[in-house]
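Biologist: Hey, I'm new to this one. Can you pull it up and walk me through it?

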Amino acid sequence: MEERRISYARRFVRLLPALLIAAGGAYDYATPTEFTGAPFFTAAPLVAAPLYSLRGTVLTALAAFAVLLVLRIILGGTPSAEVITELATVVTVSFLAVLINVLVRRSDERLASAREIAEAAQRAVLPEPAERIGGFQIAARYEAAQEGASIGGDLYAVQDTPNGVRLVVGDVRGKGMGAVAAVAVVIGAFREAAEQESTLEAVAQRLERALARERTRREGVESSEGFTTVVLAELPHGNGIVRLVNRGHPPPLLLYADGTVRSLHAPEPALPLGMGELGTWPDRAQEAGFPGGATLLLYTDGLSEARDEDDRFYDPEARLAGRDNAGREPAALLGELAAEVRRHSGGGMADDLALIAVRRP
């Protein structure tokens, strides 16, 4: 129903320049000569400028001028100062409308180019993982809070290593290019460390050092207050367990085939990456059973902190409990979650959302 109303509104807006010309003509014809419909004819090309192509804007301007001229000839007979002023006004505004149209089209082209660059950056920094890695079914999804944006401060990565399939999901504090740069640093360090380090704890320490080096190159608040929350996961080959290291991130969820949901809270809270100067706590990986048919869900706080109109948070653990997860593909699960959280938040989100689902067949 909402989409239908939006479609009707868009059609009305597209017809608005023609309706203005028609209304101006009707008003001019039906009222005494001292009344004028010139404002309608003046508004038509201005409304058309951001809506139509250059050709459409020019045609709208010509139509407005022609209708006004014909009406003045039919109704007035001889030209007067008022008639010439009205025609000159329509011509002047039409020229401005064409100029506005050109500027809007150039801006749209720049925006389209920026979006293409952002999408290319997203594919390079956050590539879609293969559907099957190391015997697991895997899907990832990124939802930007800002419409038209493609990448922000949330991150994910999946890598098959000699120690098993390793994953990271995280959220960089802040927005803009600084956050994107930190995302690139974390993912680059993760891919290198995931191959070289024998333990998940060592991977976390490599990420800590990489972010510490990055902070020395940043200025202002980001250099002193920047941090990144992450959860690292390891799925050993041929072993029905999952190992986790959580650095200040929302806990992953384990969805069993019978609908049971288990939140994998860290037994000992740890600081996010980038806050090592506040204290040193050794990372300790936790282990949990990961049986066949179960799905591991990792997410950022764009999911758990989405609010509805009554300011209530979206609770993924409660929402997913009791659902039949037997045979459900990870991509289908993430699609349902993304749609559900957007409905919960009224069609828009306050924060970006990154999701990874891993199913053990």
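Modeller: Sure. The side chains of Arg 72 and Glu 86 are joined by a polar contact of 2.7 Å (an N or O pair within 3.5 Å, where one atom can donate a hydrogen and the other accept it; residues adjacent in sequence count only if both atoms are side-chain atoms). Bear in mind that this is a predicted model, where local features need pLDDT of at least 70, side-chain atom pairs count only at pLDDT 80 or more, and totals for chains, interfaces and linings use all residues. Residues are numbered from 1 along each chain as its sequence is written, and side-chain values use heavy atoms, leaving out hydrogens and water.

Biologist: Which other side chain does the side chain of Arg 72 make a polar contact with?

Modeller: The side chain of Asp 28, at 2.9 Å.

Biologist: And where does Arg 72 lie? Buried or exposed?

Modeller: Arg 72 lies in helix α3, residues 54-76 (helices are DSSP runs of H or I, at least four residues; strands are E runs of at least two, all numbered from the N terminus). Arg 72 is buried, at 12% relative accessible area (buried is under 20%, exposed over 50%, partly exposed in between, with a 1.4 Å probe and protein chains only).

Biologist: Switching topic: how many aromatic pairs are there?

Modeller: Two. Tyr 27 and Phe 40 make a tilted one, 6.0 Å centre to centre with 45° between the planes. Rings of Phe, Tyr and Trp (its six-membered ring) pair with centres within 6.5 Å; planes under 30 degrees apart are stacked, over 60 edge-to-face, the rest tilted.

Biologist: What does that pair link?

Modeller: Distant parts of the chain: Tyr 27 sits in helix α1 (residues 2-30) and Phe 40 in helix α2 (residues 38-51), 13 residues apart. Tyr 27 is partly exposed at 32%, and Phe 40 is partly exposed at 30%.

Biologist: Why is the pair of Phe 136 and Phe 290 called stacked?

Modeller: Because their planes are at 5°, with the ring centres 6.2 Å apart. Phe 136 lies in strand β2 (residues 136-143) and Phe 290 in the loop between β9 (286-289) and β10 (295-299), so the pair ties together parts 154 residues apart in sequence. Phe 136 is buried at 3%, and Phe 290 is buried at 0%.

Biologist: You mentioned β9. Which strands form the open sheet?

Modeller: Five of them, in the order β3-β4-β5-β6-β9, with antiparallel pairing (two strands pair if DSSP finds at least two bridges between them). β3 (154-161) and β9 stand at the edges with a single partner strand each, so one side of each has no neighbour in the sheet.

Biologist: How many bridges do β6 and β9 pair over?

Modeller: Four, in the antiparallel sense, with β6 covering residues 241-247. Ile 241 has Gly 289 in β9 as its bridge partner.
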